[in-house]
Structures are given as structure tokens and as C-alpha cells.
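Colleague: I have a few questions about this model. Can we go through them one at a time?

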Amino acid sequence: MARVVVDVMLKPEILDPQGQAVQRALPRLGFDGISDVRQGKRFELEVDGPVDEAALARIHDLAESFLANTVIEDFTVKVESDDVVAGAAK
């Protein structure tokens, strides 16, 4: 079983009120030096079988039609190896 990650972010030209609120709060919380924050979504898909070109094309279609609003959001699709997942903080 493989994990495919779809990251969805607002396009750069779209205002991000949630990211702006976080950015304004950071100095009050003692986190200086952060000039911008953008908020996004992350989807982790567990895929049965190999993640070949056909599977990635299907996931790309899924992201484009269901996970992201492509009018205002961009997305990336990537395969995560088990090594990376095991070492990630949860």
C-alpha cells in the first residue's frame, strides 16, 4: 500500500484571511521573523496496489474535480515513501 499526498493551496493572487490572522498573531506569541503565512489543505490517500502513471492520473483527476476548487486553488500530487512517513512528526 502506498500513500499519495495532495496539497491544496489558495492561488497567490487570492486573499487568505485565515493565513493573515495567523501571521498577525505570531509576533504576540513570540514568533518573530515570519513575513507571510498561507493556509492550505493536505489530503493523504492510501492507495491499494502500485502507484503507476494510471493511478497518478486518476488521483490528479480526483484532486482537480473534487479536492480543489481550481478557480481559486492550486494543488500538487506526490507519492510519499514509507521511510518519509515513518520519520514524520504526527
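Colleague: Which residue forms a salt bridge with Glu-80?

Modeller: Bear in mind that this is a predicted model. A salt bridge needs a side-chain nitrogen of Lys or Arg within 4 Å of a carboxyl oxygen. For Glu-80 the closest N and O atoms of the pair are 2.7 Å apart. The partner is Arg-42.

Colleague: How many residues apart in sequence are the parts that this pair ties together?

Modeller: Glu-80 lies in strand E3. Arg-42 lies in strand E2, so the pair ties together parts of the chain that are apart in sequence by 38 residues.

Colleague: Is Glu-80 buried or exposed?

Modeller: The cut-off for buried is under 20% relative accessible area. Glu-80 has a relative accessible area of 13%. Its partner Arg-42, at 42%, counts as partly exposed. Glu-80, by its value, is buried.

Colleague: Which residues are linked with Glu-80 in a network of salt bridges?

Modeller: The structure holds 6 salt bridges. One of them joins the side chains of Glu-46 and Arg-3, at 2.8 Å, N to O. That pair links distant parts of the chain, with Glu-46 in strand E2 and Arg-3 in strand E1. Linked with Glu-80 in the network are Arg-3, Arg-42, Glu-44 and Glu-46.

Colleague: What is the relative accessibility of Arg-3?

Modeller: Its partner Glu-46 is partly exposed, with a relative accessible area of 43%. Arg-3 falls under the 20% cut-off, so Arg-3 counts as buried. Its relative accessibility is 17%.

Colleague: Which residue forms a salt bridge with Asp-7?

Modeller: The closest N and O atoms of this pair are 3.6 Å apart. The pair links distant parts of the chain, strand E1 and strand E3, 71 residues apart. The partner in E3 is partly exposed, at a relative accessible area of 40%. It is Lys-78.

Colleague: How far apart in space are Val-77 and Val-6, C-alpha to C-alpha?

Modeller: Val-77 is in strand E3 and counts as partly exposed, at 27% relative accessibility. Beyond its sequence neighbours, the contacts of Val-77 include Val-4, Val-5 and Val-6, along with Leu-56, Ile-59 and His-60. Val-77 and Val-6 are 71 residues apart in sequence. In space their C-alpha atoms are apart by 4.6 Å.

Colleague: How far apart are the end C-alpha atoms of helix H2?

Modeller: H2 covers residues 53-67, which makes 15 residues. At 1.5 Å a residue, the helix should span 21 Å. The distance between its end C-alpha atoms agrees with that: 19 Å.

Colleague: Within what arc do the buried residues of H2 fall?

Modeller: The buried residues in H2 are Ala-55, Ile-59, Ala-63 and Leu-67. Seen down the axis, they line one face of the helix. Their cover includes E1, E2 and E3, while Glu-53, Ala-54, Arg-58 and Ser-65 are exposed on the other side. The arc is 80°.

Colleague: Which side chain of opposite charge is nearest to Lys-11?

Modeller: Lys-11 is found in the loop between strand E1 and helix H1. Lys-11 is buried yet has no salt bridge. The cut-off is 4 Å, and the nearest side chain of opposite charge is 4.3 Å away. That side chain belongs to Asp-74.

Colleague: Which backbone oxygen does the side chain of Lys-11 reach?

Modeller: Lys-11 touches several residues beyond its sequence neighbours, among them Arg-38, Val-71 and Ile-72. Its side chain reaches a backbone oxygen at 3.0 Å. That oxygen belongs to Thr-70.

Conventions. Residues are numbered from 1 along each chain as its sequence is written. This is a predicted model: local features need pLDDT of at least 70, side-chain atom pairs count only at pLDDT 80 or more; totals for chains, interfaces and linings use all residues. Side-chain values use heavy atoms; hydrogens and water are left out. Helices (H or I, at least four residues) and strands (E, at least two) are DSSP runs, numbered from the N terminus. Buried means under 20% relative accessible area, exposed over 50%, partly exposed in between (1.4 Å probe, protein chains only). Lys and Arg count as positive and Asp and Glu as negative; His and the chain ends are not counted. A polar contact is a pair of N or O atoms within 3.5 Å; within protein, one must be able to donate a hydrogen and the other to accept it, and residues adjacent in sequence count only if both atoms are side-chain atoms. Contact means heavy atoms within 4.5 Å. The expected span of a helix is 1.5 Å times one less than its number of residues. The arc is that of the directions from the helix axis to the C-beta atoms. Lists of a residue's contacts leave out its neighbours within four places in sequence.
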